[in-house]
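Q: Please take a close look at one loop residue in this model, and then set it against other loop positions and the nonpolar cores. A plain account will do.

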Amino acid sequence: MSQEESPPQWFSDNISAPCESKFVDVHDCAIHYLCWRAKPITTTSLRAGIIFVHGNGAHAHWWSFIAPFFTKEYDCIAVSNSGSGQSGWRDKYSFTMWAEELRAAAQDAGFFDEESIRCKPIVVAHSLGVFVALGLAQRFPGLLCGLVLLDEVPRPLQYIEKMKRVFTPLIPARK
């Protein structure tokens, strides 16, 4: 795109869509997430949610041009895992902790409030976020309606357990 060209209208509309910037505390770490509330085209007052999970080196804002597409039917959140974006830092990182952070943000956004939801949330995860999403599904069975896994080959749970053991010690802590 040259300097004279403007971005497509859908992109501009989505980037400017209203969202809340929120924080939830998870084990003494502030976890940042963005929340777009649904503008339902249906007549139901019951809500449904989508949790967007970023990949390595990314953060919640990476979903800002995508999430608003889904607000005709879904409340959407995009979470910055600890060590990413505006979230706090930890001494040690793990897929298990990141999964807990996703659950806490979804809980804070009301995605598990049985009186106001019509279904369990769906997780959309990209790249490294796929492992986080699979960890969430494994750690909290029955919590989710489904998973959409992007740009990563789904692997058996045994592989994920091995990756936890291999990578957790290698993820540097911020001093």
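A: In this predicted model, Ser64 sits in the loop that runs between strand S3 (49-53) and strand S4 (75-79). Ser64 has a relative accessible area of 11%, and because buried means under 20%, Ser64 counts as buried. Setting aside neighbours within four places in sequence, the contacts of Ser64 are Asn14, Ile15, Leu34 and Trp36. For one of these, Ile15, the separation from Ser64 is 49 residues in sequence, while the C-alpha to C-alpha distance is 5.7 Å.

Two other loop residues can be read alongside Ser64. His27 lies in the loop between strand S1 (20-25) and strand S2 (30-36). With a relative accessible area of 53%, His27 is exposed, because the cut-off for that class is over 50%. The backbone of His27 has a positive phi of about 50°, although His27 is not a glycine. Ser127 is placed in the loop between strand S5 (122-126) and helix H3 (128-139). Its phi is also positive, at about 55°, and Ser127 is not a glycine either. Most residues other than glycine have a negative phi. The relative accessibility of Ser127 is 21%, so this residue falls between the limits of 20% and 50% and counts as partly exposed.

The nonpolar cores come next. In soluble globular proteins, nonpolar side chains tend to be buried together. Here the largest nonpolar core contains 32 residues, and Tyr33, Ile51, Ile77 and Val123 have the most contacts inside it. Two or more residues of this core come from each of S2, S3, S4, helix H2 (95-108), S5 and H3. H2 gives the largest share, eight residues. Apart from this core lies another, of 11 residues, which includes Ala17, Ile50, Ala60 and Cys76.

Val123 can be followed further. Without counting neighbours within four places in sequence, Val123 is in contact with Ile51 and Val53, with Ala133 and Leu136, and with Leu144, Gly146, Leu147 and Val148. Ile51 is thus found both in this contact list and among the residues with the most contacts inside the largest core.

To return to the loop residues, Ser64 is buried, His27 is exposed and Ser127 is partly exposed.

How values were computed:
Residues numbered from 1 in each chain as written. Predicted model: local features only at pLDDT ≥ 70, side-chain atom pairs only at ≥ 80, totals over all residues. Heavy atoms only, no water. Helix = DSSP H or I, 4+ residues; strand = E, 2+ residues; numbered from the N terminus. Buried < 20%, exposed > 50% of the residue type's maximum accessible area, 1.4 Å probe, protein only. Contact = heavy atoms within 4.5 Å. Core = buried A, V, L, I, M, F, W, Y, C linked by side-chain atoms within 4.5 Å.
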